[in-house]
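Welcome, and please open your viewer. This tour tells you what to select at each stop and what is there.

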Amino acid sequence: MVKISGEALASGSSGVFSDDAISAVVKEILKLHDDGAEVSCVIGGGNIFRGSISSDWNIERVEADNVGMLGTIANGILLRAKIEATSDIEVRLMSALTIPQIGEPYIRRRAQRHLEKRRIVLLCGGIGEPYLTTDYPSVQRAIELDCDCVLAMKNGIDGVYESDPKKNADAKLYKTLTFEKAIKDRLTFMDQAALVLAQQHKMRVHVVGFDQSGAAGRVLNGETIGTTITDDADVTFY
Ligand SMILES: Nc1ncnc2c1ncn2[C@@H]1O[C@H](COP(=O)(O)OP(=O)(O)OP(=O)(O)O)[C@@H](O)[C@H]1O
Ligand SMILES: O=c1ccn([C@@H]2O[C@H](COP(=O)(O)O)[C@@H](O)[C@H]2O)c(=O)[nH]1
């Protein structure tokens with residue numbers, strides 16, 4: 001399960017989408033597929049809208065989250081279009097919010113069938129409910145689709161640091177980290193709810209950066225890159 005941050009589809013602060021950025025994301029996804037993995041992706045929407053700004057804007061949180069979820073659908077459409085434009089690999093867009101003119105509704109057994117048939121499955125609309133980000137669905141869908149791990153492809157960071165590297169330039173990069181410590185230290189690279197769910201269901205999470213070319217494939221091939229979060233390992237740094 002690849003969690004694609006919405007920001008990865010944009011380029012710096014210049015606009016919501018970047019053709020080059022989307023192409024780079026598609027390249028990573030296709031490489032995973034070429035290497036033999038069954039690939040499903042949960043798509044974020046941070047390049048378009050995040051519901052957490054509702055209080056600043058003095059609007060209802062649920063409405064803001066609805067816009068956020070729609071943003072993930074726009075990202076999903078573009079990713080599907082780009083995959084189809086650059087390869088013959090079959091791709092299915094499934095949405096937690098039903099929008100049949102655009103994509104299939106998310107049905108677990110259908111998603112599993114698509115994966116068995118080697119189709120790339122793009123999951124958008126989060127989980128279809130407010131008060132969440134797409135971190136939680138990335139873990140939840142990974143568990144219900146029986147994925148091996150969650151590969152969180154981040155924008156602008158190459159793993160998990162002791163504290164936010166954008167605020168503390170001296171923060172050290174973890175090689176391995178436990179869910180217990182990530183939750184206790186309230187690290188914000190991923191929502192707490194998603195970390196708790198992953199811990200409860202022993203779903204390994206790898207955090208890598210999109211700007212580390214080929215990172216997803218390297219994780220798949222067992223290379224140590226980015227940060228692996230699991231309670232089965234000790235806490236180590238690079
Ligand atoms: N301890 C930490 N280690 C790494 N990153 C951290 C940490 N704490 C906070 N962050 C921040 O987490 C963010 C994670 O990246 P990103 O913006 O891609 O998030 P996302 O929620 O996955 O995506 P999006 O909302 O764009 O769909 C970065 O901005 C990074 O600065
Ligand atoms: O299950 C969900 C998933 C997402 N949202 C809303 O969408 C935005 C965009 O997702 P990011 O993970 O932040 O990229 C999110 O901020 C929420 O507002 C949701 O409501 N439910």
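A pocket, as the word is used here, is an open set of grid points with protein on both sides within 12 Å along at least five of seven lines. Keep in mind on the way that this is a predicted model.

**Stop 1: the largest pocket**

Begin with the largest pocket, where about 1100 Å³ of space lies. It is lined by 45 residues, and you can find its centre by selecting R50, D135, K154, T188 and F189, the closest ones to it. Now colour helix 3 and helix 5 (135–144), the elements that each give two or more residues to this lining. Helix 3 gives the most, with 5 residues. If you colour the lining by class, you will see 14 nonpolar, 18 polar and 13 charged residues.

**Stop 2: ligand 1**

Next, select ligand 1. Which pocket does the space taken by ligand 1 correspond to? That space is the largest pocket, the one you have just visited. Show the surroundings of ligand 1 and you will have 21 residues, with E7, R50, K154, Y161 and D164 the closest. This shell divides into 6 nonpolar, 9 polar and 6 charged residues.

Zoom in on the oxygen atoms of ligand 1 for some polar contacts:

- K3 places a polar side-chain atom 3.0 Å from an oxygen atom of ligand 1.
- S5 also offers a polar side-chain atom, at 3.1 Å from an oxygen atom of the ligand.
- N155 takes part through its backbone, with a polar atom 3.3 Å from an oxygen atom of ligand 1.

How much of ligand 1 does the protein bury? Taken alone, ligand 1 exposes 640 Å², and 88% of that is buried by the protein.

**Stop 3: ligand 2**

Move on to ligand 2, which sits in the largest pocket too. There are 17 residues around ligand 2, and G45, G51, D65, E129 and T134 are the closest. Helix 3 (residues 61–86) brings the largest share of this shell, 3 residues. By class, the shell has 6 nonpolar, 8 polar and 3 charged residues.

Again, look at single atom pairs:

- From G45, a backbone N or O atom lies 2.7 Å from an oxygen atom of ligand 2.
- From E129, a backbone N or O atom is 2.6 Å from a nitrogen atom of the ligand.
- From T134, a polar side-chain atom comes to 2.4 Å from an oxygen atom of ligand 2.

On its own, ligand 2 exposes 450 Å², of which the protein buries 96%.

**Stop 4: the second largest pocket**

Now leave the ligands and go to the second largest pocket, with about 480 Å³ of space. Of its 20 lining residues, select M1, A37, E38, C147 and D148, which are the closest to its centre. Helix 4 (108–116), strand 6 (149–154), strand 8 (204–209) and helix 8 (215–220) are the elements that give two or more residues to the lining. The largest share, 3 residues, comes from helix 4. Here the lining divides into 12 nonpolar, 3 polar and 5 charged residues.

**Stop 5: the cavity**

How many cavities of 30 Å³ or more does the structure hold? There is 1, and about 40 Å³ of space lies in the largest cavity. To see its lining, select V2, I4, V25, E28, I29, L32, M153, F210 and A216. Strand 1 (2–4) and helix 1 (19–34) each supply at least two of these residues, and helix 1 gives the most, with 4. The lining has 8 nonpolar residues, no polar ones and 1 charged residue.

Definitions and conventions
Residues numbered from 1 in each chain as written. Chains lettered and ligands numbered in written order. Predicted model: local features only at pLDDT ≥ 70, side-chain atom pairs only at ≥ 80, totals over all residues. Heavy atoms only, no water. Near = heavy atom within 4 Å. Polar contact = N/O pair within 3.5 Å; in protein donor to acceptor, adjacent residues only side chain to side chain. Areas by Shrake-Rupley, 256 points an atom, 1.4 Å probe, with all protein chains shown as cover. 1 Å grid on protein atoms, 1.4 Å probe; cavity = no way out; pocket = protein on both sides within 12 Å on 5 of 7 lines; lining within 4 Å. Sits in = over half its atoms within 2 Å of the grid points. Nonpolar A, V, L, I, M, F, W, Y, C, P; charged D, E, K, R; others polar. Points joined across faces, edges and corners; volume = space filled by probe spheres on them.
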